[in-house]
Amino acid sequence: MVRRNDQRRAALVDAAIEVLAREGARGLTFRAVDAEAAVPAGTASNYFANRDDLLTQAGARVYERLQPDEATIARQQAAGRDRETYAVLMRELVGRVAAFRTGYLALLELRLEATRRPELRKVLTERVRADVDANVAYHEASGLPGDAMAVKLLMLTLNWLIVEQLTLPDVFTEAEREQLVTAAVERIVAAE
């Protein structure tokens with residue numbers, strides 16, 4: 001029987017994210033999650049039907065935690081509508097995602113694991129597609145320059161920059177990363 005204490009479940013999923021980031025998908029066991037969450041042995045197995053359930057919920061939780069807060073959204077909506085402002089917003093986005101280092105690394109582990117697990121691949125595909133669609137819709141409603149293709153190209157470009165920053169942080173300096181984000185916006189987003 002799967003338990004329903006939402007706070008405990010969230011703590012266990014957050015612990016799973018930490019384990020995924022540190023030890024990879026092969027290291028993700030109920031025992032490792034219990035130890036990371038500092039709960040009695042056997043707790044995670046009471047909250048998740050199986051390891052696939054835990055992997056799937058960890059993937060969903062990463063996306064949940066990457067969402068900007070209300071204050072960030074309000075500030076972005078009040079900002080200008082030009083490429084310079086767009087570049088500032090994208091630099092902030094890269095910073096926010098990179099600041100949740102373990103979440104992004106866990107997400108990379110989940111993507112690799114999804115190549116071997118069809119159900120996880122299905123869930124992640126749906127989640128990422130929904131994220132792409134939400135980003136395009138938000139962009140179109142915001143009045144920022146550029147079209148849906150520009151949004152998708154920026155997502156792909158900035159995702160790899162984040163991977164570079166998190167896995168090989170000395171490849172680019174912080175100043176170079178800022179310049180790269182600005183250049184990506186300037187080259188991908190057509191001037192109005």
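The exercises below treat the domains, two helix pairs and one glutamine of a predicted model.

The model is predicted, so local features need pLDDT of at least 70, side-chain atom pairs count only at pLDDT 80 or more, and totals for chains, interfaces and linings use all residues. Residues are numbered from 1 along each chain as its sequence is written, and side-chain values use heavy atoms, with hydrogens and water left out.

**Exercise 1.** State how the protein chain is divided, and how far apart the C-alpha centres of the domains lie.

*Solution.* Start with the bounds, which come from an automatic or database domain assignment. Domain 1 covers 1-60 and domain 2 covers 62-190. Next, take the C-alpha centres: they lie 26 Å apart. Finally, count contacts (heavy atoms within 4.5 Å). Here 15 residues of domain 1 touch 17 residues of domain 2.

**Exercise 2.** Describe how helix α5 packs on helix α6.

*Solution.* Locate the helices (DSSP runs of H or I, at least four residues, numbered from the N terminus). Helix α5 spans residues 70-78, and helix α6 spans residues 83-99. Take the axes (lines fitted to C-alpha atoms over the stretch in contact, with angles from 0 to 180 degrees between N-to-C directions). These axes come within 12 Å and cross at roughly 165°. That angle makes α5 roughly antiparallel to α6 (over 145 degrees; under 35 is roughly parallel, 65 to 115 roughly perpendicular, the rest oblique). The crossing is left-handed (the near helix is turned anticlockwise from the far one by less than a right angle; clockwise is right-handed). Now list the residues: T72, R75 and Q76 of α5 meet L89, E92 and R96 of α6. By class, one is nonpolar, two are polar and three are charged (nonpolar: Ala, Val, Leu, Ile, Met, Phe, Trp, Tyr, Cys and Pro; charged: Asp, Glu, Lys and Arg; polar: the others, Gly among them).

**Exercise 3.** Do the same for α8 and α9.

*Solution.* Helix α8 covers residues 118-142, and α9 covers residues 148-167. Their axes come within 9 Å and cross at roughly 130°. Therefore α8 is oblique to α9. The crossing is right-handed. From α8, the contact uses R129, D131, V132, N135, V136, H139 and E140; from α9, A148, V151, K152 and M155. The residues divide into five nonpolar, two polar and four charged.

**Exercise 4.** Place Q165 and find its contacts.

*Solution.* Q165 is in helix α9. Set aside neighbours within four places in sequence; V94, A98 and R177 are then in contact with Q165. Last, check the side chains. Those of Q165 and R177 form a polar contact of 3.4 Å (a pair of N or O atoms within 3.5 Å; within protein, one must be able to donate a hydrogen and the other to accept it, and residues adjacent in sequence count only if both atoms are side-chain atoms).

Note on methods:
Helix = DSSP H or I, 4+ residues; strand = E, 2+ residues; numbered from the N terminus.
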